[in-house]
Amino acid sequence: MRKLIAQCLLVLFLCNINSIVAQDYTFKNYKWEQKPSAFSVPEQYKNENEVIVSRTIKVEIISDKNEPKQYYLLHDKIFINSDDAIEKNNKIYLPFSLKENVVKNEARVILKSGKIITLDKKDIKEEVDEERGVKYNYFAINGLEKGAIIEKIFVLEEMPELNGKTFKMQDDLPIMDINFELIYPNHLVFKTKGYNNLSAAVLDDKTYKDKVAISVKESNVPKLEDDEKYSNWKANIKYFRYKLDANLYNGSKNLYNYKEFASNVYERFNIELDKKNQKAVDDFCKTITKSADLQEQVWNIENKVKKTIAYNRYFDTKENVADIIKTKQANQTEILALYLAIFKHFKIENQIVFASNRYDIAFDPEFESYENLDDILFYFPSIKKFMTPTEIEYRIPLIPNTLANNNGLFIKEKEFGGVKMGIGEINFIPIPGVEITHDIMDITIDFTRDIENPTITNEVTFGGYSALNFQPIKDFAPADQYKEILKSIAENYTIQEDYTSLTTENDGTEFIGKKPFVLKVTFEGKDLVQKAGDNFLFSVGKTIGSQMELYQENKRMMPVEIDYPHSYFRKIKIILPKGATVKNLEKFNMSHKTDINGKTEATFVSNYKTQGDEILIENTEYYNVINYPLEHFESYKAVINAAADFNKIVIVLNK
């Protein structure tokens with residue numbers, strides 16, 4: 001959708017550079033050093049596996065035969081300093097298809113001795129990822145050694161990217177020098193922004209004739225490894241954004257703005273259907289179950305469309321809504337048109353929301369970029385709930401968590417002087433909290449029949465996003481495969497393959513967003529019991545299933561960011577034989593919490609009590625928010641690890 005509108009604006013750009021004389025791009029003759037100077041790794045990088053010695057990125061927009069073109073250059077020099085780096089870099093994957101317009105594609109290896117191994121087309125191999133159905137092209141490198149430098153230069157010719165583009169200025173390797181340059185005709189004006197303490201951009205209108213260059217340079221950029229659990233790497237690295245903002249030739253200003261985008265989207269979709277198409281929509285709506293409850297009505301609409309109309313972003317365009325219903329196929333534009341027609345039939349107020357994946361391109365309210373408008377949601381203001389029109393496994397109120405806890409562009413209908421139009425407003429997209437995603441575990445451990453082989457019953461109720469991990473599987477997997485999947489899920493709690501009984505409730509897409517997924521399993525617990533003299537050691541903690549442990553050997557660099565708020569409530573009842581005694585019960589008393597601004601946002605609390613021959617254990621664990629500042633990492637880690645510590649608790653029983 002945003003690409004369609006961007007292309008329309010690109011036409012505006014095209015129409016106003018026709019008078020410009022054809023230009024060459026400035027780095028057409030860009031080359032590496034014929035005799036590279038000797039390199040000695042600085043002391044601060046001597047223990048690194050590999051180092052990016054230099055990285056040069058150039059993007060240039062030119063006019064060629066009355067058409068704009070963009071040229072992209074990447075020049076990397078990477079120092080190899082370990083066996084792991086040798087193994088990792090024995091293939092240089094090409095960042096493009098060989099069928100694309102590749103202007104330059106060169107690579108070489110500079111050995112410690114100064115010998116140079118130059119790679120050419122005959123060194124390009126092909127690799128096929130059978131699982132994903134993707135082909136990769138790469139340079140095969142032989143003779144790579146520690147102390148060597150890999151150097152590569154790629155130049156591509158492509159269509160200009162003017163509506164918003166982001167470049168990384170930091171990596172998971174240290175970078176000694178990185179230089180980014182955007183070059184463009186001097187009748188254009190670009191807006192830019194740097195993030196996470198990136199050096200300020202410098203504008204130069206003197207170096208190149210009739211051209212302007214915006215450059216950003218950084219030196220000694222520390223690595224930020226993408227291996228910290230519960231983090232958002234792309235949001236924390238240094239990066240740079242730009243977009244075309246004005247065309248001085250025709251006086252166009254504030255290009256690619258949200259106001260115009262919202263207006264175009266509204267006009268595109270708010271059209272009156274003719275009788276044929278309206279009848280097709282009305283007939284389709286007759287097959288949708290009606291409800292007086294708005295959320296349930298939206299759920300019924302969503303369920304019907306997703307089970308009836310096959311969606312693919314790249315399906316061929318149909319002529320009208322009637323053809324969508326007839327062919328039972330829709331691309332992105334068409335699925336939106338269909339939903340809007342149905343909502344109109346049911347008189348349901350809604351807003352289209354354009355969003356971005358927070359783990360990829362965080363939505364910046366202060367920088368209007370069409371990169372922020374890659375994904376689509378519907379918002380229903382009267383119930384304050386969102387719906388995703390394109391993800392088949394979701395149902396209201398659940399949406400992809402990557403689009404939530406982020407801002408979005410909400411397109412609202414407003415009326416001015418009797419004329420309706422679309423207005424864009426930036427608002428926050430909240431995510432359903434612990435009131436939706438809460439897991440409840442009810443465990444009974446009965447030793448009365450056999451102290452060496454207790455009977456264990458575990459009933460787990462998964463809500464919200466936790467349920468979403470399981471409920472759709474039944475509708476998309478063959479029955480025998482689904483049975484095996486359930487066995488593997490149960491094994492997390494039985495710690496063994498065998499069980500006495502296994503049942504489920506509310507599995508299938510018809511329950512998503514409506515009811516929790518329930519798993520009930522009964523099994524013999526002999527594998528959790530060990531005899532030690534007159535005592536029996538029982539691993540009671542393992543009955544809650546395996547738990548995530550959070551270790552941080554190095555200093556934590558990024559704040560915590562989790563996928564969605566969630567909570568757990570676990571209740572364990574241990575029934576003992578008459579006269580049995582138990583030790584280690586005090587281990588069940590645990591309390592850890594994370595307080596932010598005076599409010600507890602994460603906690604793990606556990607306690608127990610005895611009642612005759614029964615031991616009752618309860619623990620509560622929750623994570624109320626998605627983001628935990630870096631200064632609260634240690635307390636957050638203690639909460640996460642508390643569940644893992646509980647998982648290790650062993651009690652001692654004696655007859």
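**Notes on helices and selected strand residues**

1. At the start of α4, N257 sends a side-chain oxygen to within 3.1 Å of the backbone nitrogen of K259. The model is a predicted one, so keep that in mind for every value below.

2. Helix α4 covers residues 258-269, twelve in number. Its first and last C-alpha atoms are 17 Å apart. The expected value, at 1.5 Å a residue, is 16 Å, and the two are close.

3. Which residues of α4 are buried? They are Y258, F261, A262, V265, Y266 and F269. Viewed down the axis of α4, these buried residues stay within an arc of 130°, so they line one face of the helix. The general background is simple: an α-helix has 3.6 residues a turn, so residues three or four places apart point the same way. The face of α4 turned away from the buried side carries K259 and E267, both exposed.

4. Next, a helix pair. Helix α5 (residues 275-286) packs with helix α8 (residues 332-345). The angle is about 70° and the axes are 10 Å apart. Angles of 65 to 115 degrees count as roughly perpendicular, and α5 and α8 are therefore roughly perpendicular to each other. On the α5 side, V281, D282, F284 and C285 make the contact. On the α8 side, A341, I342 and H345 do so.

5. Helix α11 runs over residues 479-494, which is 16 residues. At 1.5 Å a residue it should span 22 Å. Its end C-alpha atoms are 22 Å apart, in agreement.

6. Where do the buried residues of α11 sit around the axis? The residues concerned are Y482, L486, I489, A490, Y493 and T494. They cover an arc of only 140°, which puts them on the same side of α11. The elements covering these buried residues include the strands β23 (438-446), β24 (455-462), β25 (501-505) and β26 (517-524), along with the helix α10 (473-476). After α11 comes I495, with a positive phi near 55°.

7. Is N619 buried or exposed? N619 is buried, because its relative accessible area is 1% and the cut-off for buried is under 20%. N619 belongs to strand β34 (residues 614-623). Beyond its neighbours within four places in sequence, N619 contacts Y568, F569, R570, F604, V605, S606 and F646. With R570 there is also a side-chain to side-chain polar contact of 2.9 Å. As for distance to the α5/α8 contact, the C-alpha atoms of N619 and A341 are separated by 48 Å. These two residues are 278 residues apart along the chain.

8. T56 sits in strand β1 (residues 50-64). T56 is buried as well, with a relative accessible area of 14%. Setting aside residues up to four places away in sequence, T56 touches Y30, L73, L74, H75 and N179.

9. D204 lies in strand β12 (residues 202-204). Why does D204 count as partly exposed? Its relative accessibility is 23%, and the partly exposed class lies between the buried limit of 20% and the exposed limit of 50%. A polar atom of the D204 side chain is 2.8 Å from the backbone nitrogen of K206. Outside the residues up to four places away in sequence, D204 touches K211, V212 and A213. D204 and K77 are 127 residues apart along the chain, and their C-alpha atoms are separated by 26 Å.

Conventions:
Residues numbered from 1 in each chain as written. Predicted model: local features only at pLDDT ≥ 70, side-chain atom pairs only at ≥ 80, totals over all residues. Heavy atoms only, no water. Helix = DSSP H or I, 4+ residues; strand = E, 2+ residues; numbered from the N terminus. Expected span 1.5 Å × (residues − 1). Buried < 20%, exposed > 50% of the residue type's maximum accessible area, 1.4 Å probe, protein only. Arc of directions from axis to C-beta. Polar contact = N/O pair within 3.5 Å; in protein donor to acceptor, adjacent residues only side chain to side chain. Axes fitted to C-alpha atoms, helices over the stretch in contact; angles between N-to-C directions. Parallel < 35°, antiparallel > 145°, perpendicular 65-115°, else oblique. Contact = heavy atoms within 4.5 Å.
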